[in-house]
Amino acid sequence: MQPQPGPVSGAVDVWLGFLADVPATLDSAYERLLDPGERLRHQRYKVEGARREFLVGRAMVRTVLSRYAPTAPADWRFEANRYGRPAIVGAAPGLVFNLSHTRGLAALAVARDCDLGIDVESADRPSATHDLAGRYFSPTEAKFVRAGGPMLAERFFAVWTLKEAYIKARGMGLALPLDGFSYDLAGTEPTIAFHEHCPDDPARWRFLRAGVSDTHRLALAVSPQTAGARVDFRRIVPLTGFDEAMTPASVPLDAPADGRTA
């Protein structure tokens, strides 16, 4: 495959692989792309759904990165930092990526010369949102979630995915305290404030949250070199010709005036 022009500095490409689109007949081809470490991780998954999410996600990473550089999908090499975040080794300087997968979906963000994090969650899965908000969120975030009424779950996953996207963009995982920063979701785009035990500059970050299916919620955190980063979304099936642009949906966090939640 000839590489295509990659994202320009400041732009982000988001690639979505819905497992319902991916026939099981492709699994063996995806497995052949994996390096020995990835094969071992794949084999260790005991739950078939999670095992397949991992496989499709890794196939997406390898095939999508090959759109941006003259490296075959099976030839990409990665190295994890001490917190477990992988980065490209030896090829495509400046190209960065971040992967997330949840039930039924793998999502990959690709950009250049920036800090980048993505998270997706299946918002219809059962969770103790009220209690988890109090345990992991800042007091202002927990108050926002708990005041959601019929939109409590939507508010919870909005904050949760944003928090996950930020700590992934920092490349430090849960070494960063989840209550060390707070989101304000009142504006058109989320904004962030940092507390003294998690110092950072709010002005260097841009955040996006969206619905990419009826049940999947996505958040993106990016610290671009230039303002006004463009974000493009595509839905794909690795190793096939299926590739189409898509527009994610905005997800309201307040119930309509008539009380309905949909």
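Here are two short exercises on a cavity and a sheet in this predicted model.

**Exercise 1.** Work out which residues line the largest cavity and which element gives the most to that lining.

*Solution.*
1. Start with the search: the whole structure yields 1 cavity of 30 Å³ or more.
2. Next, the volume: the largest cavity holds about 50 Å³ of space.
3. Now list the wall. The lining consists of E154, F157, A158, T161, R209, A210, R217, L218, V251 and L253.
4. Sort those residues by element. Two or more come from each of α6 (152-170), β9 (206-211) and β10 (216-223).
5. Pick the top contributor: α6, with 4 residues, gives the most.
6. Finally, check the chemistry. The lining splits into 6 nonpolar, 1 polar and 3 charged residues.

**Exercise 2.** Lay out the open sheet of 3 strands and find where α6 packs on the sheet.

*Solution.*
1. Write down the strand order, β6-β10-β9, and note that the pairing is antiparallel.
2. Find the edges: β6 (115-122) and β9 each pair on one side only.
3. Add the twist, which averages 10° from one strand to the next.
4. Zoom in on one pair. β9 and β10 run antiparallel and are joined by 6 bridges, and L208 sits opposite L220 in β10.
5. Put the helix in place. α6 packs on the sheet and touches β6, β9 and β10, with its direction at about 150° to that of β6.
6. Tie this back to the first exercise: α6, β9 and β10 are also the elements that give two or more residues to the lining of the largest cavity.

Terms used
Residues numbered from 1 in each chain as written. Predicted model: local features only at pLDDT ≥ 70, side-chain atom pairs only at ≥ 80, totals over all residues. Heavy atoms only, no water. 1 Å grid on protein atoms, 1.4 Å probe; cavity = no way out; pocket = protein on both sides within 12 Å on 5 of 7 lines; lining within 4 Å. Points joined across faces, edges and corners; volume = space filled by probe spheres on them. Nonpolar A, V, L, I, M, F, W, Y, C, P; charged D, E, K, R; others polar. Pairing = 2+ DSSP bridges. Axes fitted to C-alpha atoms, helices over the stretch in contact; angles between N-to-C directions. Contact = heavy atoms within 4.5 Å.
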